[in-house]
Amino acid sequence: MLNGLWLGFFVIGALSAFGRWLFAGDAGAFAAMVDSLFGMAKLSVEVMILLFGTLTLWLGFLRIAEKAGLVEALARFLSPLFRRLMPEVPAGHPAIGLITLNFTANALGLDNAATPIGLRAMRALQELNPEPETASNAQILFLVLNASSLTLLPVSIFMYRLQQGAADPTLVFLPILLATSASTLAGFLSVAAMQRLRVWDPVVLAWLGGAALLLGGFMALLAGMSSAALAALSSLLGNLVLFSLIVLFLLFGALRRVPVYESFVEGAKEGFDVAKNLLPYLVAMLCAVGVLRASGALDVALDGLRHLINAAGLDTRFVDALPTALVKPFSGSAARAMLIELMKTSGVDSFPALVAATVQGSTETTFYVLAVYFGAVGIRRARHAVGCALLADAAGLLASIGVCYWFFG
């Protein structure tokens, strides 16, 4: 699937350029595509330098939290909930701790770091699977929640915005929080309906009700604020939560007599190993997207869509963000390339770039997660996993557009 998507960008770009040359006498697209190839290769390295630092930093702090027992404590705290949502997983099974650690990495926006942890969790769940080629209920729930990607602290998005010159990289903190909550809730409820989970169980209801009350109260608080106040609050909370979490990891580690410096370096080495493997994929996707944009094909498609939306009497400012949203279920690297390219061409704080950044943080890469996680354990029958994950994607997209209109007008 990813091979076809990547090849398709080049083929469509070539056909568009030849069409402009043959029918409009414009041969400039060929030079533009070649310039874009080299420009995007350079941009990939620039983005990668910051990505090296970000992943190394956060995996270092995450290792301190793991050695201090924070992850294990969180697993014990969540165990009563998981016992009801995944009844086939025994209490205290290693899968629970791995799932918790995976969700923690996703919550921090470390999607690349979350993948190796998630693979370990999926293998642990596979040990309990009575039909090895068919996804179990627990595996489906884990995959859909992973694909919906509840992101509480999207540091990767902050990093991309910083790299593109945003004065306030954390401006999208609250929009992403609200959009990712919507996508996660949609994914969870769809799986619950398919698996007939006991959502009315007192423990599950307490968790869901508590989260709903907290989120509802928070949104009620935000409802009376102006766009400028919302943006300022998003910036404050983003930076405050980010630094408070670092301090919590360090203090808790010190209290538990964890050698924080050595542990940080140990985790940072893993971050370096994860990051260095991403450069070829980033170069490949950014160059393909650059060719597609330079050929004019993407502008033609967006202009047509913009015309249809305008004819329906709707605001069309979000249209430029749709390529990121439409590609996201298939390829995280392609969506990342679309987002960076949009920030570069439209401005990092333009409305479509803010929508695209919110979309990027609201869900994960559905088909990539499906292929990698299920493929790693030999599962061939996904059952209802795809439908539930795509429903979460749709909820995340709609919520992202709506929230950005609310915050940024």
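These are my notebook entries on a few aromatic rings, one helix and one arginine in this structure.

**Entry 1: before starting.** I am working with a predicted model, so every value below is computed from that model.

**Entry 2: aromatic pairs.** I began by asking how many aromatic pairs there are. The count comes to seven. I then picked Phe18 and Trp21 to see how their rings sit. Their centres are 6.1 Å apart, and the planes meet at 45°. Stacked needs under 30 degrees and edge-to-face needs over 60, so I noted this pair as tilted.

**Entry 3: where that pair sits.** I looked up the helix next. Both Phe18 and Trp21 belong to helix α1, which covers residues 2–24. The two are three residues apart, or about one turn of the helix. A reminder to myself: an α-helix has 3.6 residues a turn, so residues three or four places apart point the same way.

Are these two residues buried or exposed? Neither word fits fully: Phe18 has 39% relative accessibility and counts as partly exposed, and Trp21, at 42%, is partly exposed too.

**Entry 4: a second pair.** I moved on to Trp406 and Phe407. Their ring centres lie 5.4 Å apart with the planes at 70°, so I wrote this pair down as edge-to-face. I checked the surroundings of each partner as well. Trp406 is partly exposed, at 27% relative accessible area, whereas Phe407 is buried, at 1%.

**Entry 5: a cluster.** Going back to Phe18 and Trp21, I found that ring pairs join them with Phe30 in a cluster.

**Entry 6: a charge over a ring.** Which residue lies over the face of Phe351? I found Arg317 there, 4.3 Å from the ring centre.

**Entry 7: helix α16.** Phe351 led me to helix α16, which runs over residues 351–362. I tested its length: at 1.5 Å a residue, its 12 residues should span 16 Å, and the end C-alpha atoms are indeed 16 Å apart, so the two agree. Then I looked at burial. In α16, 12 of the 12 residues are buried, so the rest of the structure largely encloses this helix. Among them are Phe351, Pro352, Gln360 and Ser362.

**Entry 8: Arg63.** My last stop was Arg63, found in helix α2 (residues 28–67). Its relative accessibility is 14%; the cut-off for buried is under 20%, so Arg63 counts as buried. What does its side chain touch by a polar contact? The partner is the side chain of Glu266, at 2.6 Å. Setting aside neighbours within four places in sequence, I listed Ser263, Glu266, Gly267 and Glu270 as the residues in contact with Arg63.

Note on methods. Residues are numbered from 1 along each chain as its sequence is written. This is a predicted model: local features need pLDDT of at least 70, side-chain atom pairs count only at pLDDT 80 or more; totals for chains, interfaces and linings use all residues. Side-chain values use heavy atoms; hydrogens and water are left out. Rings of Phe, Tyr and Trp (its six-membered ring) pair if their centres lie within 6.5 Å; planes under 30 degrees apart count as stacked, over 60 as edge-to-face and the rest as tilted. Helices (H or I, at least four residues) and strands (E, at least two) are DSSP runs, numbered from the N terminus. Buried means under 20% relative accessible area, exposed over 50%, partly exposed in between (1.4 Å probe, protein chains only). A charge sits over a ring if NZ of Lys or CZ of Arg is within 6 Å of the ring centre and within 35 degrees of the ring normal. The expected span of a helix is 1.5 Å times one less than its number of residues. A polar contact is a pair of N or O atoms within 3.5 Å; within protein, one must be able to donate a hydrogen and the other to accept it, and residues adjacent in sequence count only if both atoms are side-chain atoms. Contact means heavy atoms within 4.5 Å.
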